[in-house]
Amino acid sequence: MGFFNEKIETMKRGDLDALIEERIRYTVKYAAENSPFYKKWFKEHRINPHDVRTHEDLRELPIISGKTIRDQQPPETADFQFRCVDWREVFTLHETSGTSGTPKAFFLTWQDWERYAEKYARSFVSQGFGPGDRVIVCASYGMNIGANTMTLAARDIGLTIIPLGKCTFPSRVITNYKPTGIVGSVFKLLGLARQLKNENILPQESSIKRLVVGGESFAEESRAYLAEVWGCQVYNTYGSTEGTMCGECTDFSGLHVPEDLVHLDIYDPALKNFVSDRECGRVVLSTLLPVGGKSGTLLLNYDTEDTSIVATRERCACGRTHMKITNPQRESETFWIAQTPFNRVDVERGVFQRDNMEYLTGEYEAFLYGGDDEGETILRVSVECLGRDKCDRKAVEENFLRAFFKYKPLLDQVHADGTFRIIFNFAALRDLELYRIKGRPKRLVDRR
Ligand SMILES: [Zn+2]
């Protein structure tokens with residue numbers, strides 16, 4: 001099976017753009033008629049929904065954020081202002097994980113489930129999964145949309161899903177069912193590999209042929225190391241409750257955006273204008289509904305607070321025409337020192353230098369502090385050692401610094417003059433702060 005939905009996935013650019021504009025018009029009309037929030041929003045901003053006809057027209061509309069959604073649900077308002085359908089048509093309700101405060105509520109109709117599932121199905125097929133494959137889903141079930149709709153995606157591909165919902169499970173799941181793929185996060189899959197090795201099962205010699213990672217951005221170095229440990233390809237996905245679900249194909253040249261189902265625009269930092277392709281900016285998404293379709297919650301011009309780049313809108317070597325974006329990074333994990341931005345991923349790149357992995361598990365956390373002197377900044381990087389006594393600390397530090405400063409000359413300068421200091425902490429196994437905190441670990445925290 002080459003494509004899940006060949007007609008749509010390989011549609012010529014002109015036809016695809018026409019389909020997108022048709023869906024923008026319908027979705028805006030649907031929002032104006034069915035969403036209590038958007039009804040008010042169009043009126044307050046004196047926008048006639050009929051005037052929103054093209055992708056460029058979206059730029060004239062205000063941008064909403066996670067805060068907008070939280071402000072439009074109880075206890076702030078009596079009811080959920082983003083819910084577009086009667087309770088009788090809400091099939092499931094979901095909450096975002098709430099890493100940045102109060103969870104946001106999302107209501108899905110059965111049609112929404114089918115569209116979310118189709119996005120995952122296209123992604124699975126583009127990664128080479130097909131009938132007979134058996135895939136362990138380590139992503140959590142619960143209130144998340146991802147694991148649930150990913151499971152539905154298997155239905156029309158002939159995939160078998162093993163719905164474990166976590167990455168710690170008995171090794172018999174691997175030895176008995178001989179799964180061919182696992183969906184999980186980079187760190188959980190590295191942890192699982194260590195667990196298997198402790199039980200004398202070599203991940204490279206297991207039945208696993210592909211790993212699918214997602215849920216957070218990562219450094220290419222950590223992906224390469226994960227691929228080495230498991231001896232297989234590692235595919236990236238970018239999914240969210242808000243409805244992204246972009247997936248990397250076998251060409252490994254970016255994540256395909258299912259452009260007929262979700263519209264992504266990349267904006268400048270002020271969120272005023274689109275940036276050009278190949279320029280980095282904020283990812284702003286709008287739901288796209290097929291004409292006649294129904295949705296429980298839809299978003300127009302929603303600021304994801306992630307940054308990315310449109311890599312290309314040309315046809316991919318895999319045959320798909322839908323645009324590709326680079327691995328998005330969280331804006332909230334980007335910090336500025338000496339007019340230079342750096343992201344958690346830059347710290348991760350330093351940790352995962354190949355030679356370091358002889359001594360480290362890959363688990364890390366970093367904290368920014370103000371120093372004793374005015375204008376001084378300290379980055380404290382804690383790495384988990386496989387064995388603290390055997391760790392070549394000097395080599396790890398040097399490898400880290402070389403990688404970290406490679407594309408950041410100004411940062412390197414302030415490091416050299418002493419106003420930016422990097423302190424390393426070599427932690428014993430399970431001795432990082434993140435092990436003592438529940439939920440998704442924060443690996444780069446500003447404590448200034
Ligand atoms: Zn492709």
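Start with the largest cavity: 19 residues line it, and Asp112, Tyr116, Lys119, Glu242 and Thr287 lie nearest its centre. This is a predicted model, and a search of it turns up 5 cavities of 30 Å³ or more. Beyond the cavities, there is a zinc ion held by Cys249, His256, Cys316 and Cys318, a set of 26 aromatic pairs, and a second largest pocket with about 850 Å³ of space.

**The largest cavity**

- The largest cavity holds about 150 Å³ of space.
- Two or more lining residues each come from strand E2 (105-108), helix H6 (110-126) and strand E11 (280-287).
- H6 makes the largest contribution to this lining, with 4 residues.
- Sort the lining of the largest cavity by character and you get 11 nonpolar, 4 polar and 4 charged residues.

**The second largest cavity**

- For the second largest cavity, the volume is about 130 Å³.
- It has 13 lining residues, and Glu9, Arg122, His256, Pro258 and Arg320 sit closest to its centre.
- Helix H6 turns up here too: H6 and strand E8 (246-248) each supply at least two residues of the lining.
- With 4 residues, H6 accounts for the largest share of the lining of the second largest cavity.
- The lining of the second largest cavity splits into 4 nonpolar, 5 polar and 4 charged residues.

**The zinc site**

- His256, one of the residues closest to the centre of the second largest cavity, is also a zinc ligand, using its NE2 atom.
- The other donors to the zinc ion are the SG atoms of Cys249, Cys316 and Cys318, and the distances run from 2.1 to 2.3 Å.
- Why is the arrangement around the zinc ion tetrahedral? The 4 donor atoms subtend angles of 103 to 117 degrees, and four donors count as tetrahedral if all angles lie between 85 and 135 degrees.
- Along the sequence, the donor residues follow the spacing C-x6-H-x59-C-x1-C.
- That spacing takes in a link between distant parts of the chain: His256 is in strand E9 (residues 255-256), while Cys316 is 60 residues away, in the loop between strand E12 (302-312) and strand E13 (324-325).
- Both His256 and Cys316 are buried.

**Aromatic pairs**

- The whole structure contains 26 aromatic pairs.
- One of them joins Tyr38 and Phe82: the ring centres are 5.8 Å apart and the planes stand at 90 degrees, so this pair is edge-to-face.
- Tyr38 belongs to helix H3 (residues 36-44) and Phe82 to the loop between helix H5 (66-71) and strand E1 (92-95), so their pairing ties together parts 44 residues apart in sequence.
- Tyr38 counts as buried because its relative accessibility is 0%.
- Phe82 is buried as well, with a relative accessible area of 4%.
- Another pair is Phe335 with Phe342, whose ring centres are 6.4 Å apart and whose planes meet at 45 degrees, so the pair is tilted.
- Phe335 and Phe342 are both buried.
- Those two phenylalanines are part of a cluster linked by ring pairs, which takes in Phe335, Phe342, Phe400, Phe404, Phe405, Phe424 and Phe426.

**The second largest pocket**

- This pocket offers about 850 Å³ of space.
- Its lining has 36 residues, and Cys280, Thr307, Ile309, Asn327 and Gln329 lie nearest the centre.
- The elements giving two or more residues to the lining are helix H10 (220-230), E11, E12, strand E15 (334-337), strand E16 (340-343) and helix H11 (344-351).
- E12 gives the most, at 4 residues.
- By character, the lining of the second largest pocket breaks down into 15 nonpolar, 11 polar and 10 charged residues.

**Trp87**

- Trp87 is found in the loop between H5 and E1.
- Is Trp87 buried, exposed or partly exposed? With a relative accessible area of 43%, it is partly exposed.
- Trp87 and Phe400 are 53 Å apart in space, C-alpha to C-alpha, and 313 residues apart in sequence.
- Phe400, for its part, is one of the residues in the phenylalanine cluster described above.

Conventions: Residues numbered from 1 in each chain as written. Predicted model: local features only at pLDDT ≥ 70, side-chain atom pairs only at ≥ 80, totals over all residues. Heavy atoms only, no water. Donors = N, O, S within 2.8 Å, 3.2 Å for Na, K, Ca; no water. Tetrahedral: all angles 85-135°; square planar, octahedral: opposite > 155°, others 65-115°. Buried < 20%, exposed > 50% of the residue type's maximum accessible area, 1.4 Å probe, protein only. 1 Å grid on protein atoms, 1.4 Å probe; cavity = no way out; pocket = protein on both sides within 12 Å on 5 of 7 lines; lining within 4 Å. Points joined across faces, edges and corners; volume = space filled by probe spheres on them. Nonpolar A, V, L, I, M, F, W, Y, C, P; charged D, E, K, R; others polar. Phe/Tyr/Trp six-rings, centres within 6.5 Å; stacked < 30°, edge-to-face > 60°.
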